[in-house]
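Reader: I'd love a close look at a single part of this model, down to the contacts of its side chains. Could you pick a helix and walk me through how it is set into its surroundings?

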Amino acid sequence: MSHPLKNTEQIVTFTGCTSQGEGVGRLEDGLAVFVRGALAGETARISLMKVTKHCAWGRLLEVLNPSPARIEPDCPYYPRCGGCQLRHMTYQEELRLKTERVNDALRRIGGLELTVSCIHGAARRDGYRNKVQFPVSGGKDGRVRVGFYRQRSHDVIDVEHCLLQPELSNRAGRCVRAWMEQYAVPAYDEGTHTGLIRHVFCRTNRAGELLLCLVVNGTSLSHAAELLQTLREAFSSLAGVVLNCNTRQTNVILGPEYRVLWGRDYLEDVLCGLTFRLSVPSFFQVNRDQAEVLYGRALEFAGLTGRETVLDLYCGTGTISLVMATRAGRVLGAEIVPQAIEDARENARRNRLDNTEFFCADAGEAARLLAQRGLRPDVVSVDPPRKGLSPQVIDAICRMSPRRVVYVSCDPATLARDLKLLEAGGYRATKAEAVDMFPGTGHVETVVQLSKGEINSKKVRVEFSLEDMDMSGFQKGATYGQIKEYVKEHTGLSVSSLYIAQIKQKYGIIERENYNKPKSENARQPQCPPEKEAAITEALKYFGMI
């Protein structure tokens with residue numbers, strides 16, 4: 001039975017805004033309501049599209065009292081395209097929102113009094129991305145779609161010109177689309193696992209060169225000669241064309257096999273005065289200018305004098321490692337991606353930084369082994385993925401007992417969680433600054449300095465649950481009931497608390513022990529099926545938890 005308020009019109013005053021660009025307010029009965037496109041301080045007329053016992057979602061009909069921060073979006077695809085979330089507000093408001101998001105996480109999740117001293121805004125909001133992965137699909141009208149996914153779906157919005165990309169990448173996407181249509185090269189269909197072209201990957205550098213990779217559902221490419229001729233005629237700065245084979249039924253974009261079709265399989269780029277070699281799978285910050293700001297702050301927070309030993313976990317292609325090596329005595333870098341380690345070693349050689357050493361290993365295992373071998377770095381630098389640090393990494397850092405830890409984070413929630421655990425291991429967060437690496441989107445980078453305190457704990461017992469904390473902040477998380485209702489509404493699937501806990505744990509949102517372990521030692525714990533994992537993951541993204 002539907003809720004009596006569903007499909008009714010309401011007048012709502014909004015008091016907050018989520019990182020996904022949803023205004024947050026309350027109905028007369030106190031129920032929280034989320035409305036895409038509304039801003040804090042506005043009063044608006046909305047239509048309630050969905051109402052549950054926990055919260056509601058509405059559609060914006062009319063803004064009655066616009067915020068001074070409201071602007072007209074300058075992108076014709078906004079907000080249908082899911083690439084940007086904040087193009088309806090001024091940049092000043094965007095920076096304020098991102099600062100508030102980091103400070104709220106530090107206070108509410110981390111229990112810290114620390115706040116970011118500043119946020120470093122970007123000099124340019126558009127054309128900053130040096131890498132893009134365009135998903136490809138075919139329409140019933142026979143037209144190939146190359147663009148981005150619609151918000152919270154895998155429907156591809158055909159995009160001729162994305163404002164976040166340099167024109168070189170936009171032209172490459174249009175060029176591949178035209179070639180596919182001319183030679184009837186089929187687009188990949190997720191539902192049937194048929195078709196050929198899955199993604200168009202473009203990487204560009206400061207010199208204006210283009211490295212293009214086609215991700216295909218197969219091992220060969222039809223009409224490859226015609227594509228190469230088209231690309232070479234269209235782009236005088238084309239550095240290489242690579243074929244990536246991904247025949248798996250997965251949301252992971254890149255497959256394990258690469259083959260050069262023409263030219264070379266890498267680009268060179270300059271960051272912080274250093275030259276880096278970048279292959280297709282290599283991690284490299286997509287906003288080069290803001291990355292220099294971020295790494296400059298990380299270097300300052302490290303406080304190096306030229307004698308220190310630095311351990312850089314999650315080192316990628318060695319960007320932070322090599323920046324640190326310009327002022328450190330010795331730098332060790334660890335990364336699990338083999339191609340990235342190869343690039344890191346080559347990057348060190350190119351920059352003549354022989355005080356570096358890189359090894360391929362999972363960050364947790366690498367930190368544990370180095371701690372066992374008696375490594376005592378002066379500084380540990382970490383730049384983990386969105387899920388944050390594993391308990392093993394935190395424990396190993398505390399065992400190695402460096403004087404200082406520099407934490408670079410792309411997710412305020414997992415950052416705050418990890419700072420709380422590092423504090424339990426004897427470290428105090430002393431400085432924090434935010435860097436807007438991704439203007440127009442809800443993402444924000446943070447760099448934090450931690451110093452060794454008086455506590456000298458040999459081992460940190462990790463037992464921390466976000467569910468035990470006050471999650472009443474509108475946009476900051478969701479209860480198990482909210483997640484279940486979202487999944488049921490959008491997919492028709494019923495999911496258990498156990499499955500939700502498993503997926504939350506996978507993304508670094510650590511759960512209480514009784515959620516994740518069977519009551520009997522011999523009992524076999526059921527694992528979340530793939531289709532339910534995908535549905536829960538989408539819900540966590542919607543609620544801004546990952």
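Author: Happy to! Let's start at the N-terminal end of helix H7, where Asp362 acts as the cap: one of its side-chain oxygens lies 3.0 Å from the backbone nitrogen of Gly364. Please keep in mind that this is a predicted model.

Helix H7 itself covers residues 363-372, and its buried residues are Ala363, Gly364, Ala366, Ala367, Leu370 and Ala371. Because these residues cover an arc of only 165° around the axis, they sit on the same side of H7. Gly364 thus has two parts in this picture: its backbone nitrogen faces the capping oxygen of Asp362, and Gly364 is also listed among the buried residues.

What lies over that buried side? The cover includes three strands, S16 (309-313), S17 (330-335) and S18 (356-360), together with helix H8 (391-400). Beyond the other end, H7 is followed by Gly374, which has a positive phi near 90°.

For a second setting, take helix H4, residues 288-302, which contains Ala302. The relative accessible area of Ala302 is 0%, so this residue is buried, the cut-off being under 20%. Leaving aside residues up to four places away in sequence, Ala302 touches Met324, Val379, Arg404 and Val406. There is also a long step along the chain to note here: Ala302 and Tyr407 are 105 residues apart in sequence, while their C-alpha atoms are separated by 9.9 Å.

A helix pair makes a nice companion to this. The axes of H2 (residues 167-182) and H3 (residues 224-234) come within 10 Å and cross at roughly 145°, and the crossing is right-handed. From H2, the residues Arg171, Cys175 and Trp179 take part, and they meet Glu226, Leu227, Thr230, Leu231 and Ala234 of H3. Sorted by class, this contact has five nonpolar, one polar and two charged residues.

Finally, here is a residue in a strand. Ser137 belongs to S7, which runs over residues 131-138. With a relative accessibility of 17%, Ser137 counts as buried. Its contacts, again without residues up to four places away in sequence, are Arg143, Val144, Arg145, Val156, Ala187 and Tyr188.

To come back to your helix: H7 has Asp362 as its N-terminal cap, buried residues on the same side, and a cover that includes strands S16, S17 and S18 and helix H8.

Key. Residues numbered from 1 in each chain as written. Predicted model: local features only at pLDDT ≥ 70, side-chain atom pairs only at ≥ 80, totals over all residues. Heavy atoms only, no water. Axes fitted to C-alpha atoms, helices over the stretch in contact; angles between N-to-C directions. Helix = DSSP H or I, 4+ residues; strand = E, 2+ residues; numbered from the N terminus. Left-handed = near helix turned anticlockwise from the far one by under 90°. Contact = heavy atoms within 4.5 Å. Nonpolar A, V, L, I, M, F, W, Y, C, P; charged D, E, K, R; others polar. Buried < 20%, exposed > 50% of the residue type's maximum accessible area, 1.4 Å probe, protein only. Arc of directions from axis to C-beta. Polar contact = N/O pair within 3.5 Å; in protein donor to acceptor, adjacent residues only side chain to side chain.
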